[in-house]
Amino acid sequence: MSPLDIDELLSNPGIRIVVCCGSGGVGKTTTAAALALRAAEVHGRRTVVLTIDPARRLAQSLGLTELDNTPRLVPGTKSGDGGELNAMMLDMKRTFDEVVAAHTEPRRAAEIFANPFYQAMSSTFAGTQEYMAMEKLSQLRAADTWDLIVVDTPPSRSALDFLDAPARLGRFLDGRMLRLFLAPAKAGGRSVFNLVTAGFGMVSKTVQKILGAQLLSDLSGFVSALDSMFGGFRERAEQTYRVLQDPQTAFLVVAAPEPDAVREAAFFASRLGVDDMPLAGLMLNRVHRRVLPLDAESALAAAQELDGVSDLTADALRAHAAVALLEDRERAVIAGFSSEFAHVPVLEIEAQATDVHDLDGLRSIFA
Ligand SMILES: Nc1ncnc2c1ncn2[C@@H]1O[C@H](COP(=O)(O)OP(=O)(O)O)[C@@H](O)[C@H]1O
Ligand SMILES: [Mg+2]
């Protein structure tokens, strides 16, 4: 198992994008923020972190009190050497609006914004958050203002949604697909209506009751507007995808040191390989490490001897045994991953005593 050297990665001027991905709750948002902070403070890089739904207190410590969808300088960072940390929180609706505004004339854009289908799609369409994260990433990359962009990924049920989203939305908005939707809708066909509302994640029965012909005409309007606007939408999605494949991008898979999480990380690592995405390493977050060089069995045996003699010491030894057991179990899980993915460097990040919700907490992640 080769160790993942995070400082080598962050100090490499050839690396311009770092993507933290993995299943939900493993620490993607936390590690993304911690990596960006370290790049700015330790490696003097002009950094921006694109976060997605950070915990309220973490968002606050990054100066993100509201969703404004543009990078803001994070107050309280100690960045010498020209480094700086900027942070932004993804607002998928506003990002979608930006895409529309950038690709259509103002009057047409106003019509699209007012269309109920647009409103539904921009906030609830499955995959919109994943796609808009990618869209925002391309915008940040195109601006060329940053030495390094660190990207947090949406809390999808499956870590794969993130890679599939551009293609899925690209397909959906592709001309042929749209015409398929559009033709029967013009004839007032009910089946396509159901199909589309299902795609939009709406409660179609309720919606059908409230809206009739008006809705179908809105739908046609929306679809033809998108059709004219996103002629080359698929190319756009593919372009984003190619940015991710570029060697200037580094994917870091985040996982908890637990069997399910590591299995999913392994699956994700192979999927990145299939898609030719540059996987830089695995970050095992919240690992436990014993503080005394004593195995669990000896600690428990000693604890038993001390029962009634020094209960406090016996309790401390039992607590130690619990951590030692946890560490052994975690090491076995990690070894399993490394035997399958010997070429993937691994970094272990210790579990902090408390939740990570301020800059000092973020600093201690990679200290
Ligand atoms: N190394 C760590 N030690 C202690 N708490 C952590 C650590 N990493 C993450 N956390 C906490 O775990 C929770 C989930 O982390 P988060 O980064 O939001 O996960 P994700 O973005 O993958 O859903 C947060 O409350 C965070 O503060
Ligand atoms: Mg998150």
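**Helix packing, sheet and cores in a predicted model**

Modeller: In this predicted model, helix α4 (residues 92-103) packs with α7 at an angle of about 60°, and their axes are 9 Å apart.

Biologist: Which term describes how α4 and α7 lie to each other?

Modeller: Angles under 35 degrees count as roughly parallel and those from 65 to 115 as roughly perpendicular. At about 60°, α4 and α7 are therefore oblique to each other.

Biologist: Is the crossing of α4 and α7 left-handed or right-handed?

Modeller: The crossing in which α4 passes α7 is left-handed.

Biologist: Which residues meet there?

Modeller: From α4, Met 92, Thr 95, Phe 96, Glu 98 and Val 99 take part. They meet Thr 128, Gln 129, Met 132, Glu 135, Lys 136 and Gln 139 in α7.

Biologist: And which strands does α7 lie across?

Modeller: Helix α7 (residues 128-143) lies across β1 (17-21), β2 (46-51), β4 (84-89) and β5 (148-152). Its direction is at about 165° to β2.

Biologist: What follows α7, in the loop before β5?

Modeller: Asp 144 is found in that loop. Its phi is near 55°, a positive value in a residue other than glycine. Asp 53, in the loop between β2 and α3 (56-61), also has a positive phi, near 45°.

Biologist: Turning to the sheet, what is the strand order?

Modeller: Eight strands form an open sheet in the order β3-β4-β2-β5-β1-β6-β7-β8, with mixed pairing. β3 (72-73) and β8 (346-350) are at the edges with a single partner strand each, so one side of each has no neighbour in the sheet.

Biologist: How does β8 pair with β7?

Modeller: Strand β7 (residues 279-287) pairs with β8 in the parallel sense, over five bridges. Leu 284 stands opposite Glu 348 in β8.

Biologist: Which helix lies across β7?

Modeller: Helix α14 (residues 259-274) lies across β7, and also across β1 and β6 (249-255). It runs at about 160° to β6.

Biologist: A different topic: which residues touch the most other members of the largest nonpolar core?

Modeller: Leu 35, Leu 62 and Met 283 do, in a core of 41 residues. Helix α2 (residues 28-41) gives the most to this core, with eight residues. Apart from it lies another core, of 35 residues, including Cys 21, Leu 50, Trp 146 and Val 346.

Biologist: What does Leu 62 touch?

Modeller: Leaving aside residues up to four places away in sequence, Leu 62 touches Ala 33, Thr 51, Val 74, Pro 75, Leu 85, Ala 87, Leu 359 and Leu 362.

Note on methods: Residues are numbered from 1 along each chain as its sequence is written. Chains are lettered from A and ligands numbered from 1 in the order in which they are written. This is a predicted model: local features need pLDDT of at least 70, side-chain atom pairs count only at pLDDT 80 or more; totals for chains, interfaces and linings use all residues. Side-chain values use heavy atoms; hydrogens and water are left out. Two strands pair if DSSP finds at least two bridges between them. Helices (H or I, at least four residues) and strands (E, at least two) are DSSP runs, numbered from the N terminus. Contact means heavy atoms within 4.5 Å. Axes are lines fitted to C-alpha atoms, for helices over the stretch in contact, and angles run from 0 to 180 degrees between N-to-C directions. A nonpolar core is a set of buried Ala, Val, Leu, Ile, Met, Phe, Trp, Tyr and Cys residues joined through side-chain atoms within 4.5 Å. Buried means under 20% relative accessible area, exposed over 50%, partly exposed in between (1.4 Å probe, protein chains only). Angles under 35 degrees count as roughly parallel, over 145 as roughly antiparallel, 65 to 115 as roughly perpendicular and the rest as oblique. A crossing is left-handed if the near helix is turned anticlockwise from the far one by less than a right angle, and right-handed if clockwise.
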